Amino acid sequence: MGASKSESFSEEHNEIATLFKALSHPARIAIVDYLLSVEACICGDIVNELPLAQPTVSQHLKELKNANIIKGTIEGTAICYCINSDTIDKIENHFGIIRHKLKNKCC
């Protein structure tokens, strides 16, 4: 979707599209899965779990953070990441609306 066209859609449509775009890379899905499997995570831990270089992992973390899917807190020289449950609630709500609307469709 070109930048010049995004204003043609609702704020909610743009927000959901941003979330899905941030989740549209397998490395980012792997990061989310990893964060769900641990209490808290330092960036170096994620690098050890993925077959990617540290700068690449950092770029994926930046995309997830910019979409508000993850949050980070600074602990000394490291950043501890976790899933932003408010954003996951938005995604869940969006799919809940879709599921509800599909119940009344015949095909």
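**Reading burial and contacts in a predicted model**

Author: Arg 28 is found in helix α2. The model is predicted.

Reader: Is Arg 28 buried or exposed, and why?

Author: Buried means under 20% relative accessible area. Arg 28 has a relative accessible area of 12%, and therefore counts as buried.

Reader: Which residues is Arg 28 in contact with, leaving aside its neighbours within four places in sequence?

Author: With those neighbours set aside, Arg 28 contacts Lys 21, Ala 22, His 60, Glu 63 and Leu 64.

Reader: How does Ala 17 of helix α1 count in terms of accessibility, and why?

Author: The partly exposed class lies between the 20% and 50% limits. Ala 17 falls into this class because its relative accessibility is 30%.

Reader: What separates Arg 28 and Ala 17 from Asn 84, in sequence and in space?

Author: Arg 28 and Asn 84 are 56 residues apart along the chain, with 14 Å between their C-alpha atoms. For Ala 17 and Asn 84, the separation is 67 residues in sequence and 17 Å from C-alpha to C-alpha.

Reader: How should one read the largest nonpolar core, and how many residues has it?

Author: In soluble globular proteins, nonpolar side chains tend to be buried together. Here the largest nonpolar core has 22 residues, and those with the most contacts inside it are Leu 35, Ile 46, Leu 61, Ile 69 and Ile 70. Two or more residues come from each of α1 (11–22), α2 (26–37), α3 (43–49), α4 (54–66) and β3 (78–83). The largest share, four residues, is from α2.

Reader: Which residues does Ile 46 touch, not counting residues up to four places away in sequence?

Author: Ile 46 touches Ile 31, Tyr 34, Leu 35, Cys 41, Val 57, Leu 61 and Tyr 81.

Definitions and conventions:
Residues numbered from 1 in each chain as written. Predicted model: local features only at pLDDT ≥ 70, side-chain atom pairs only at ≥ 80, totals over all residues. Heavy atoms only, no water. Core = buried A, V, L, I, M, F, W, Y, C linked by side-chain atoms within 4.5 Å. Buried < 20%, exposed > 50% of the residue type's maximum accessible area, 1.4 Å probe, protein only. Contact = heavy atoms within 4.5 Å.
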